[in-house]
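Biologist: I'd like to go through some of the labels people put on a model like this one. Can you take me through how each gets decided?

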Amino acid sequence: PANTRGYTYGIVAELIKPKWSLRVSSVAVPRIANSPSMEYRLGKAHSETIEFEHKISINKRPGNIRFMASSTYTQAPSYKDGIKAIQQGDTFIQNVISGEVEHNAYGGRKFALGFNIDQELSDEVGAFGRIGWNDGRYATWAFTEIDQTLSAGVNIKGTWWKRPEDVIGIAGVINGISKDHQDYLKAGGSGFIVGDGKLNYGHEAIMEAFYNLKLTRFLWATVDYQFVNNPGYNKDRGPVHAFAVRGHIQI
């Protein structure tokens, strides 16, 4: 969890061993969905995460696997409450879910699991894979509206074309939302990011490719392309082609 800018407050503890590490945290959550303001009634609103990391080696190449579990308590209403609110003309609950007002009621709980693997395949090539899931019963309260995700990608250094500090990469991700989340959006509801008034559901799929070019000793530039199918989980939207250019200065 974090505020709009990606910050939170809390306590983190780590146990680090040569081959594995364990991390636990307890942090504050937003007062309103995707809000810059945090909630400090820590007995009612908080989030705990545990992460286990284990170093691996394939063909004497380093890699890591990570497993994460989290439990988050917020003011988030359930999506079933949101559907009832739509049926009864209750705009207050709808505005809470879309991040416009504070609920002043507690009980929203979101349980989540995640798994990640990254592996060096050669001096020039590395790969990763990730899978994530949350129960999707209560409204999304931070980051973005995703209840299931699966992604994988490859990075390649430019050694083969005599640009050893350049990097090219390609990745793909498939995202989904829970049945309760789908039903709420189909009924005409919206969250703080997703909502079209009516949902023709389909998994959101994204392919991304980038090239990171070292221009000078201190300056890098990245060109990026993304293809998005069913943006916002809606088959009636898209596909979308997104282009970006980024600059990075490091002294």
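Modeller: Let's start with Arg23 and Glu51, whose side chains meet in a salt bridge.

Biologist: Why is the pair Arg23 and Glu51 called a salt bridge?

Modeller: The term means a side-chain nitrogen of Lys or Arg within 4 Å of a carboxyl oxygen of Asp or Glu. For Arg23 and Glu51 the N to O value is 2.8 Å, so the pair fits the cut-off of within 4 Å. This is a predicted model, where local features need pLDDT of at least 70, side-chain atom pairs count only at pLDDT 80 or more, and totals for chains, interfaces and linings use all residues. Residues are numbered from 1 along each chain as its sequence is written, and side-chain values use heavy atoms, with hydrogens and water left out.

Biologist: What makes Glu53 a partner of Arg23 as well?

Modeller: Their closest N and O atoms are 2.9 Å apart, which is again a salt bridge. That pair links distant parts of the chain, with Glu53 in strand S5 and Arg23 in strand S2, 30 residues apart. Strands here are DSSP runs of E, at least two residues, numbered from the N terminus; helices are runs of H or I, at least four. Both contacts belong to a network of salt bridges that links Glu14, Arg23, Glu51, Glu53, Arg66 and Asp118.

Biologist: Why is Glu53 called buried, and what is Arg23 called?

Modeller: Buried means under 20% relative accessible area, exposed over 50%, and partly exposed in between (1.4 Å probe, protein chains only). Glu53 has 11%, so buried is the label. Arg23 has 22%, so the label is partly exposed.

Biologist: How do you know that Arg61 and Glu120 tie together separate parts of the sequence?

Modeller: Their side chains meet in a salt bridge at 3.1 Å, N to O. Arg61 lies in strand S6 and Glu120 in strand S7 (residues 108-120), so the pair connects parts 59 residues apart in sequence. Arg61 has 24% relative accessibility and counts as partly exposed; Glu120, with 30%, is partly exposed too.

Biologist: And Gln75: buried or exposed?

Modeller: Buried, because its relative accessible area is 1%. Gln75 sits in the loop between strand S6 (61-74) and helix H1 (79-88).

Biologist: What makes the Gln75 and Glu39 pair a polar contact?

Modeller: The pair of side chains comes to 2.5 Å. A polar contact is a pair of N or O atoms within 3.5 Å; within protein, one must be able to donate a hydrogen and the other to accept it, and residues adjacent in sequence count only if both atoms are side-chain atoms.
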